[in-house]
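Dear colleague,

I am passing on the structure we spoke about, and below it you will find a short account of what was found. Please read the text with the structure open beside you.

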Amino acid sequence: MLKPNSGVITFYKDFVESLFKSLGGTASVSAVGASGHTEKNWEHGKLYSLQEQIDHKIEFIKVQNIEAPLVLVGHSIGSYIALEMLRRLPEKVMYCIGLYPFLALNLQSKKQAVIVKVIMSRVLSIMVTLFVAPLSLLPRRVLRLISELSNGNSWSNTAHEACCSHLPQYHTIRNVLYMARTEFIKLSETPDWEFMRENQEKISFLYGIDDHWGP
């Protein structure tokens, strides 16, 4: 059964559906998005830290009462979240796959250096929020053009649509910046290499040559 939840999981809709089909109906595929990263302001402006996002995913597993072994697939910071779920639910999680994982700061990345300056500055974060939020008033075709020019042709149609519908929302961009700030604070610490060595048979990472998140 394919069970995508609300929120920016729309970004991964094509991937999730393709994965479900490739498994031939032999497994249930659930896609869990980030709290507060939704088109509608369901959380009434509440901001979620990285730790709260991890707690949200743990709670999802408990509420669903899933008994089958879990294979977790996370992209970017989702890879870190998947590892933390493995740490907290070792009896349930059978395997973790990290796609372009964000597990530690890349001090050689110019993109990350710019991101750090923005998210660590209250003034710059407010400026970015006030610039991005009004974009939701633009016609969808204009937003789509901005997304395509900014993100390139590698993105799927649903990814561009998710970017246009979710990101230019005041509550969403605030959550994105706040979560990013807590991510960079946490990931400035040394990764838990011992935990990953102990569980190396349960973990796989996929990097790419264009991946600025990988040190």
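**What was found**

Buried residues make up 39% of the 215 residues in the chain, and please keep in mind from the start that this is a predicted model.

To begin with the overall build, the chain contains nine helices and five strands, and when these are followed from the N terminus they run in the order β-α-β-α-β-α-β-α-α-α-α-α-α-β. The C-alpha trace spans about 45 × 40 × 35 Å along its principal axes. A compact globule of 215 residues would have a radius of gyration near 17 Å, and the chain agrees with this, because its own value is 17 Å. If we take the contacts between residues at least 6 apart in sequence, 73% of them join residues that are at least 24 apart.

Turning to the surface, the chain exposes about 12800 Å², of which carbon and sulfur atoms supply 59%. As for charge, there are 22 positive and 20 negative side chains, and the centres of these two sets lie 6 Å apart.

The structure holds nine salt bridges, and I will go through three of them with you.

One of them pairs Glu 161 with Arg 144, where the closest N and O atoms are 2.9 Å apart. This pair links distant parts of the chain, since Glu 161 sits in helix 7 (residues 157-166) and Arg 144 in helix 6 (residues 140-151), with their positions 17 residues apart in the numbering. Glu 161 is partly exposed, with a relative accessible area of 27%, whereas Arg 144 has a relative accessible area of 18% and therefore counts as buried, the cut-off being under 20%.

Another joins Glu 52 to Lys 46, with 3.5 Å between the closest N and O atoms. Glu 52 has a relative accessible area of 30% and is partly exposed, and Lys 46, at 37% relative accessibility, counts as partly exposed too.

The third that I picked out is formed by Lys 186 and Glu 189, whose closest N and O atoms are 3.2 Å apart. Lys 186 is partly exposed at 35% relative accessibility, and Glu 189 is partly exposed at 45%. Elsewhere, salt bridges that share partners join Arg 140, Arg 144, Glu 148 and Glu 161 into one network, so you will meet the pair of Glu 161 and Arg 144 again there.

With best wishes

Terms used: Residues are numbered from 1 along each chain as its sequence is written. This is a predicted model: local features need pLDDT of at least 70, side-chain atom pairs count only at pLDDT 80 or more; totals for chains, interfaces and linings use all residues. Side-chain values use heavy atoms; hydrogens and water are left out. A salt bridge is a side-chain nitrogen of Lys or Arg within 4 Å of a carboxyl oxygen of Asp or Glu. Buried means under 20% relative accessible area, exposed over 50%, partly exposed in between (1.4 Å probe, protein chains only). Helices (H or I, at least four residues) and strands (E, at least two) are DSSP runs, numbered from the N terminus. The radius of gyration is taken over C-alpha atoms; the globule rule is 2.2 Å times the number of residues to the power 0.38. Contact means heavy atoms within 4.5 Å. Accessible areas come from the Shrake-Rupley method with a 1.4 Å probe; for residues, only the protein chains shown count as cover. Lys and Arg count as positive and Asp and Glu as negative; His and the chain ends are not counted. The place of a charge is taken as NZ of Lys, CZ of Arg, CG of Asp or CD of Glu.
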